[in-house]
Amino acid sequence: MKAEIIAIGTELLMGYVVNTNASYISQSLLDIGIGTYYQQVVGDNDERIIEALALAASRSDLIILSGGIGPTRDDRTKLVLAEFLEEELSYDADQLKKVEMHYKKNNRIITEGDYQQALTISDSQTFFNEVGLASGLGYSRLSQNTLKSQHFIVLPGPPFEMKHMMENFAKPFIENQREDYEQIESLYINFYGLGEARVAQAIDDLIVSQTNPTLAIYAKPRLTTVRITASASNKLQAAELNQQAADKIIARLSEFYIGAGEHLSFEASVLGLLKEKKQTLSVAESLTGGMVMEELTAVSGASEVLKGGFVTYQNELKINLLGVNAATIDQYTVVSAEVAMEMAEQCLRKCHTDYALSLTGVAGPNPLEGHPAGRVFIALATKQKATQVIKLELVDKPRDIVREISKHEALNLLRLNAL
């Protein structure tokens, strides 16, 4: 089933409102195995909405319109859709009652525009708006192009109302109307420590020969995700095709693989690894100012692994709270492998954990004690082996990026040792 989204609203075209609805609708459709092939954005103009509908009807099986169903004169979506479908409009009794009660309760005079929020198309299924006033709808007909069923859905523009109606009314409507359309499933596999170009090079032959499933690569700093998308007659077959492709890719990049999942975080991956091994962690942070612990504790169940740690931004606390030797700082400066080692070892001793991480360095933008911005030392202490230290030279990178990469490199050092 090919889906198309038409977002309606002049404010979207002018940039006053960001079109987040289309993103949410697309992801919701993927949840039930339907791919979005096209998106359009049109203003509150009858002629252009008709043009958008005509184009969508010529190529898509499922057409979802969002916005333009409120009480103002420029809210024209239902009226124009009814004209396009050559259907009549009528008032939905339940939605009309809710509109009237709302205005009565608030001692406001109801206008003709307010009533139009309860309009629905004849022979459609009305979607009662439980969290707003404007009803949506679902309508099906035989497509003139494919001779298969074609479906139109109308949703509100306000994101909260749209999401509620999408989940509680639109999705069930779509599922009930499905025929023998293929279903789409996606699998996301994640790699750390190599960039988009290296991933693309490693799987170039798979990309060139791709038919079903298809592959797409997404990149963040030091983190790369490969999306594998297959279509099949049912979800199980599509998932099997995805897993076969994933196994091939992971085999080539196994040392960088951190797990599967569209929203898998590096923090969740590392915590999961330590949880499996029943190992604990503590952290001593300087330049990251608690960022590592903050993002670890954002993961549900982090308390099973992370005991706690120290944020020692200034030298005084590194010495008095953490126990770093003042002479070490005087001799080597705070931005050094020696200080990073002592921070990690003292953290391990005080917190009684299996592992202790430490981070010290210069986030920038200015140098510190003769060290350039972007120089970072990360240490990992454990009772089983000698303390390890890595040095990063993240020159010419913004302060936030230096901190973000430092956090990820610290967790990667831990991951590699915990494998």
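This passage describes strands, cysteines and charged pairs in a predicted model.

A convenient place to begin is the open sheet, in which four strands follow one another in the order 10-11-9-12 with antiparallel pairing. The edges of this sheet are taken by strand 10 and strand 12 (257-260); each has a single partner strand, so one side of each is left without a neighbour in the sheet. From one strand to the next, the twist averages 20°. Within the sheet, strand 9 (residues 183-192) and strand 11 (residues 223-232) are joined in the antiparallel sense by 10 bridges. One pair of bridge partners here is Glu185 and Ala230, the latter in strand 11. Helix 16 (residues 399-418) packs on the sheet and touches both strand 9 and strand 12. The direction of helix 16 makes about 85° with that of strand 9.

The edge strand 10 (residues 214-220) deserves a closer look through one of its residues, Tyr218. With a relative accessible area of 39%, Tyr218 is partly exposed. Once neighbours within four places in sequence are set aside, the contacts of Tyr218 are Leu223, Thr224, Thr225 and Arg227. With Arg227, the tyrosine also shares a polar contact between side chains, at 2.6 Å. The C-alpha atoms of Tyr218 and Asn190 are 9.5 Å apart in space, while 28 residues separate the two in sequence.

A contrasting setting is found at strand 15 (residues 355-361). Seven of its seven residues are buried, so the strand is largely enclosed by the rest of the structure. Burial applies to both of its faces: Tyr355, Leu357, Leu359 and Gly361 point one way, Ala356, Ser358 and Thr360 point the other way, and all are buried. Strand 15 has pairing partners of both kinds. With strand 13 (residues 281-285) the pairing is parallel and runs over five bridges, and Leu281 has Tyr355 of strand 15 as its bridge partner. With strand 16 (residues 375-382) the pairing is antiparallel, over six bridges; here Leu359 stands opposite Ile378 of strand 16. In general terms, strands of a sheet pair through backbone hydrogen bonds, in either the parallel or the antiparallel sense.

What of the cysteines? A search of the whole structure returns zero disulfides. Cys347 and Cys351 illustrate this result. The closest cysteine sulfur to that of Cys347 belongs to Cys351, and at 4.2 Å it is too far for a bond, given that a disulfide calls for sulfur atoms within 2.5 Å. The relation holds from the other side as well, since the closest cysteine sulfur to that of Cys351 is in Cys347. Both residues lie in the buried class: Cys347 has a relative accessible area of 0%, and Cys351 counts as buried at 15% relative accessibility.

Charged side chains complete the picture. Side chains of opposite charge can pair when their charged atoms come close. In this model the count comes to 10 salt bridges. One of them brings together the side chains of Lys171 and Asp31, at 3.7 Å from N to O. Because Lys171 lies in helix 7 (residues 159-177) and Asp31 in helix 2 (residues 20-31), this pair ties together parts that are 140 residues apart in sequence. Lys171 is buried, its relative accessible area being 12%.

A salt bridge also joins the side chains of Arg76 and Asp46, with an N to O distance of 2.7 Å. This pair, too, links distant parts of the chain: Arg76 sits in the loop between strand 3 (62-66) and helix 4 (77-85), Asp46 belongs to helix 3 (residues 46-57), and the two are 30 residues apart. Arg76 is partly exposed, with a relative accessible area of 27%, and Asp46 likewise counts as partly exposed at 27% relative accessibility.

Between Lys391 and Glu393, a salt bridge is formed with the closest N and O atoms 3.3 Å apart. Here Lys391 is partly exposed, at a relative accessible area of 46%, and Glu393 is partly exposed at 37% relative accessibility. Finally, Glu267, Glu295, Glu404 and Lys407 are linked to one another in a network of salt bridges.

Conventions. Residues numbered from 1 in each chain as written. Predicted model: local features only at pLDDT ≥ 70, side-chain atom pairs only at ≥ 80, totals over all residues. Heavy atoms only, no water. Buried < 20%, exposed > 50% of the residue type's maximum accessible area, 1.4 Å probe, protein only. Contact = heavy atoms within 4.5 Å. Polar contact = N/O pair within 3.5 Å; in protein donor to acceptor, adjacent residues only side chain to side chain. Pairing = 2+ DSSP bridges. Axes fitted to C-alpha atoms, helices over the stretch in contact; angles between N-to-C directions. Salt bridge = Lys/Arg side-chain N within 4 Å of Asp/Glu carboxyl O.
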